[in-house]
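Trainee: Please take one part of this structure and look at it closely. Then set that part in its surroundings.

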Amino acid sequence: MPTYAYRCRECTGTFEVNRPMSESSDPARCPEGHADTVKLLTTVALTGSATGAPSGGGCCGGACGCGH
């Protein structure tokens, strides 16, 4: 389930909510109970190859010096 970040306009706190994508535009109350919140724009970094194996070989991509 996706995680969405929000900021409360009243207390200026930020918080996250796990909810289905179908509810992504629904309002969210902050943990302090305020209703005036705004959804924040977040980015997701996707890394790795199609097979899921690290590039460069080995268990860590050859960067740790573990010999793999």
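Mentor: What follows is a close look at arginine 19, in the loop between strand 2 and strand 3, and then at its setting.

First, the ground rules. This is a predicted model, with residues numbered from 1 along each chain as its sequence is written; local features need pLDDT of at least 70, side-chain atom pairs count only at pLDDT 80 or more, and totals for chains, interfaces and linings use all residues. Side-chain values use heavy atoms, with hydrogens and water left out.

Now the residue. Arginine 19 is buried (under 20% relative accessible area; exposed is over 50%, partly exposed in between, with a 1.4 Å probe and protein chains only). Yet arginine 19 has no salt bridge (a side-chain nitrogen of Lys or Arg within 4 Å of a carboxyl oxygen of Asp or Glu). The nearest side chain of opposite charge belongs to glutamate 23, 4.5 Å away. For charge, Lys and Arg count as positive and Asp and Glu as negative; His and the chain ends are not counted.

What does arginine 19 reach instead? Its side chain makes a polar contact of 3.1 Å with the side chain of tyrosine 6. A polar contact is a pair of N or O atoms within 3.5 Å; within protein, one must be able to donate a hydrogen and the other to accept it, and residues adjacent in sequence count only if both atoms are side-chain atoms. The side chain of arginine 19 also reaches the backbone oxygen of proline 27, at 3.4 Å. Leaving out residues up to four places away in sequence, arginine 19 touches Met1, Pro2, Tyr4, Tyr6, Ser24, Asp26, Pro27 and Ala28 (contact means heavy atoms within 4.5 Å).

Take serine 24 from that list. Serine 24 sits in the loop between strand 2 and strand 3. At 18% relative accessibility, serine 24 is buried. Beyond four places in sequence, serine 24 is in contact with Tyr4, Tyr6, Arg19 and Lys39.

Now the strands. The protein has zero helices and three strands, in the order β-β-β. Helices (H or I, at least four residues) and strands (E, at least two) are DSSP runs, numbered from the N terminus. Strand 1 (residues 3-8) pairs with strand 2 (residues 14-18) through five bridges, in the antiparallel sense; two strands pair if DSSP finds at least two bridges between them. Tyrosine 4 faces valine 17 across this pair, and threonine 3 stands opposite asparagine 18. Strand 1 also runs antiparallel to strand 3 (residues 37-39), joined by three bridges. There, cysteine 8 has threonine 37 as its bridge partner.

Strand 2 has two faces. Phe15 and Val17 are on the covered one. Thr14, Glu16 and Asn18 are on the uncovered one. Alanine 5, in strand 1, is buried at a relative accessible area of 13%. Alanine 5 and valine 17 are twelve residues apart in sequence and 6.5 Å apart in space, C-alpha to C-alpha. Outside four places in sequence, alanine 5 is in contact with Phe15, Glu16, Val38, Lys39, Leu40 and Thr42.

Next, the turn. Strand 1 and strand 2 form a hairpin with five residues between them. Threonine 12 lies in that loop. Its phi is near 65°, a positive value in a residue other than glycine. Most residues other than glycine have a negative phi. Threonine 12 is exposed, because its relative accessibility is 54%.

Compare the charges elsewhere. The whole structure holds one salt bridge. It joins the side chains of arginine 9 and aspartate 36 (3.4 Å, N to O). Arginine 9 lies in the loop between strand 1 and strand 2, and aspartate 36 in the loop between strand 2 and strand 3, so the pair ties together parts 27 residues apart in sequence. Arginine 9 is partly exposed at 47%. Aspartate 36 is partly exposed too, at 34%.

Last, the totals. Of the 68 residues, 16% are buried. Among contacts with a separation of 6 or more, 28% are between residues 24 or more positions apart. The protein exposes about 5200 Å², of which carbon and sulfur atoms supply 53%. Accessible areas come from the Shrake-Rupley method with a 1.4 Å probe; for residues, only the protein chains shown count as cover.
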